[in-house]
Amino acid sequence: MSEQLHIRAARAAAVTTLTFAAVLGGVGPAGATSPEDHPIEVSLGAAGIQVPDGSHTGGLVSFRVATDDASGRQLQLLRPHDGVTPEKAMSDLAASVSADPATAAAGIKAFRTEADALGGALVTPQVHEQFTEEISPGAVYLVDLTALRADPAHPVTKRLDLVGTSGQSANQARFQDGMVIERDSFAGPRFQTEDLDHAHLAYLVHNESTEIHEMQLRPVAAGTTDAQLDAYYAALAAGGKPASPFTGPGTGFGGISPDHSAAIQAHGLQPGTYALLCLVPDETLGVPHAALGMRRIVTLQ
Ligand SMILES: [Cu+2]
């Protein structure tokens, strides 16, 4: 199937799934405002994870994530499956961010079977990220993945109880201007993009792969090519210490489980050249998916 045909088929499948869910869930109250206009504001930093008090509803749920940490921070949202404790899921998530490939591979594989990864956000003081998806009522957990990497034994987390439902479903989300599909290929996991060309627009991210993936945008110098990015990863794989092509911390969307979709939008992201990367470890090899080819240079206006 050609890339364009494949993207159209994937979009149709995603829309069909979302429409079906909407029919089951009923139609939202007339005149209700979109959760995207009133996102749950999350801030990450040295003081932990801050979320406003008060009740939050399930259905179409939107988060806007910010940080005051100059090095940037990464938030991960998750929901353990029935019968799995949040402690168990978080301990395997902690293993997945280990620098040891065997530990990382076992950790991410166990985590995928124990919990739904519901996305997240990589943010800097300059770039806030908003993500919107359909989440049924119940408990979800926010995890500071940056803090988890630094101190796996002491997760910084926040439980959020989604009570009731807004009655709004994913197909009532705002129009998205393009799409990023995370998919498997014979050569390894890949990003497939459609109209990913503006820094400030909204995009639909859909994971049709069998593993968890994220979508980082790391700034690189203008004119950086895919061949240069490939050469960097080839040198790393060969055990070298190549000069980093990255000129700043990553922003973007955190890990989502297979068959999940979300709408994402960056606020404050500057036009420029970026490397689109997934640094989630491969379930077999434990190396980041980016090292297996899940990377691409994009230019955003
Ligand atoms: Cu990945």
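## An aromatic pair and an aromatic cluster

In this predicted model, phenylalanine 246 is buried, because its relative accessible area is 13% and the limit for a buried residue is under 20%. Tyrosine 232 is likewise buried, with a relative accessible area of 14%. Four aromatic pairs occur in the structure. In one of them, the ring centres of tyrosine 232 and phenylalanine 246 stand 5.7 Å apart and the ring planes meet at 85 degrees, so the arrangement is edge-to-face. This pair connects distant parts of the chain: tyrosine 232 belongs to helix α5 (residues 226–237), whereas phenylalanine 246 lies in the loop between α5 and β13 (251–256), 14 residues apart.

Aromatic residues also gather elsewhere in the model. Phe63, Phe131 and Phe253 make up one aromatic cluster.

## The copper site

A copper ion is held by three named donors: His213 through ND1, Cys278 through SG and His289 through ND1. The distances for this coordination are 2.0 to 2.1 Å. Along the chain, the donors of the copper ion are spaced according to the pattern H-x64-C-x10-H. The two histidines bring distant parts of the chain together, being 76 residues apart. Histidine 213 is in strand β12 (residues 213–219), while histidine 289 is in the loop between β15 (272–277) and β16 (295–300). Histidine 213 and histidine 289 are both buried.

## The internal cavity

Strand β12, which contains histidine 213, also contributes to the lining of the largest cavity. A search of the whole structure returns one cavity of 30 Å³ or more, and the volume of the largest cavity is about 110 Å³. Its lining consists of 14 residues. Those nearest the centre of the cavity are Ala199, Tyr203, Leu217, Ile264 and Ala266.

Two strands, β12 and β14 (261–267), each provide at least two residues of this lining. The greatest contribution is that of β14, which supplies three residues. Sorted by class, the residues lining the largest cavity are ten nonpolar, three polar and one charged.

## Strand β7 and its partners

Strand β7 covers residues 138–144, and five of its seven residues are buried, so the strand is largely enclosed by the rest of the structure. Strand β7 pairs with strand β4 (residues 73–80) in an antiparallel manner, through four bridges. Within this pairing, leucine 78 has tyrosine 141 of β7 as its bridge partner.

Strand β7 also pairs with strand β8 (residues 157–165), again in the antiparallel sense, and here six bridges are present. One of the bridge partnerships involves valine 140, whose partner in β8 is leucine 160.

## An exposed loop residue

Which loop contains aspartate 259? The residue is found in the loop between β13 and β14. Aspartate 259 is exposed, because its relative accessible area is 66% and a residue counts as exposed when the value is over 50%.

Aspartate 259 and asparagine 207 are 52 residues apart along the chain, yet the separation of their C-alpha atoms is 5.5 Å.

Definitions and conventions: Residues numbered from 1 in each chain as written. Predicted model: local features only at pLDDT ≥ 70, side-chain atom pairs only at ≥ 80, totals over all residues. Heavy atoms only, no water. Donors = N, O, S within 2.8 Å, 3.2 Å for Na, K, Ca; no water. Buried < 20%, exposed > 50% of the residue type's maximum accessible area, 1.4 Å probe, protein only. 1 Å grid on protein atoms, 1.4 Å probe; cavity = no way out; pocket = protein on both sides within 12 Å on 5 of 7 lines; lining within 4 Å. Points joined across faces, edges and corners; volume = space filled by probe spheres on them. Nonpolar A, V, L, I, M, F, W, Y, C, P; charged D, E, K, R; others polar. Phe/Tyr/Trp six-rings, centres within 6.5 Å; stacked < 30°, edge-to-face > 60°. Pairing = 2+ DSSP bridges.
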